[in-house]
Amino acid sequence: MMRANRMVRYHRHGDPGVLILEEVPLDAPKSDEVQVRHTAIGVNFLDIIQRSGADRSLSMPASIGVEGAGVVEVADQSGMFNKGDRVAYVGGPPGAYALRRNYPAHRLIKLPEWIEDEVAAAMLFKGLTAEYLINRCVPIKEGQTVLFHAAAGGVGSIACQWLKARGARVIGTVGSEEKFEQAHRNGCDHVLLSHDQEFVSKVRDFSGGVDVVYDSIGKTTFNNSLDCLRQRGTMVSFGASSGPPPEISVSDLVTRGSLFLTRPSIAHYVSEDAEYQNAAHSFFGAISEKVVAPSQITRVLLQDAHVAHTRLESRTTMGAVVLIPDEV
């Protein structure tokens, strides 16, 4: 049985103004699915990449959003979840910018009683990203020196706190001086502007060369990031907010000091249900143990999704942006 549902879609690629709230029928969930009524929806740079047309893999009209939290309204037939359970998720086909959606039961995460829906929606994607980057992609050990770009952003805020608690020495970058204080609060020992012309020399003066760089900025920071590494250091390029990183010859890694380079995706680190659930458990544990503080949250109504995108693209926000349906 279908029911009326409101969701944000776009019929062409473009600026945030292409996002439109529409009435779209929602089918009854399949036997292995749960119908979730969203109470909070995460907004991520992936959404902007798809909406703008940098990723054109989705057919039109396209749904948007891969992160949400809410309440089970229709349970799955396997009995994994019951009506009223509080749940969250990351990944799968876009469609989170909606009042309701159907979602595979085996990819839902049951929320601990102590965590608020808005915090879960604001932090889960970013938290799972930080978890795989520093725990499994390149496991960071006590005493290592790490350079983390966008240290006041969503992923950076979580990762830097976690790294500091682990005993790492953390150098963070930010896009403006207004974010210095936030980066220091996140645990950074030293903070620099990512566009500082003396960036590399300052990092090397402070550290002598870092063990690992985590770079989500891409084009404008990639080469400088490589030059900040010590011999046999590791570059983790996991984003491209300023544009795709420049091409590099394999021989460049040799001349720069036998460097390691990886380009990971969260999809390959949470593809198995068990590791997905374990990563969420690890992240929730970091919050409950006060290793990671809840993010600063900017709340925007679902129908104003275009405003949320504009704020995120302008890089004026700190922490996370969530959409709130007006029926919660």
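This passage describes the second largest pocket and the surroundings of Asp215 in a predicted model. Local features were considered at pLDDT of at least 70 and side-chain atom pairs only at pLDDT 80 or more, whereas totals for chains, interfaces and linings use all residues. Residues are numbered from 1 along each chain as its sequence is written, and side-chain values rest on heavy atoms, with hydrogens and water left out.

The second largest pocket encloses about 330 Å³, a pocket being an open set of points on a 1 Å grid over the protein atoms alone where a 1.4 Å probe fits, with protein on both sides within 12 Å along at least five of seven lines. Its lining (residues with an atom within 4 Å of a point) comprises 16 residues, of which Met7, Leu26, Arg100, Arg101 and Asn102 are the closest to the centre. Strand 7 (residues 100-104) provides the largest share of this lining, 5 residues, strands being DSSP runs of E of at least two residues, numbered from the N terminus. By residue class, the lining divides into 8 nonpolar, 4 polar and 4 charged residues.

Asp215, located in strand 12 (residues 210-215), is buried (under 20% relative accessible area, 1.4 Å probe, protein chains only), with a value of 1%. Beyond its neighbours within four places in sequence, Asp215 is in contact (heavy atoms within 4.5 Å) with residues including His149, Thr221, Phe222 and Ser225. The side chain of Asp215 makes a polar contact (a pair of N or O atoms within 3.5 Å, one able to donate a hydrogen and the other to accept it) with the side chain of Thr221 at 2.8 Å, and the Asp215 side chain also reaches the backbone nitrogen of Gly218 at 3.1 Å.

Note on methods: Grid points are joined across faces, edges and corners, and a volume is the space filled by probe spheres set on the points. Helices (H or I, at least four residues) and strands (E, at least two) are DSSP runs, numbered from the N terminus. Ala, Val, Leu, Ile, Met, Phe, Trp, Tyr, Cys and Pro count as nonpolar, Asp, Glu, Lys and Arg as charged, and the others, Gly among them, as polar. Buried means under 20% relative accessible area, exposed over 50%, partly exposed in between (1.4 Å probe, protein chains only).
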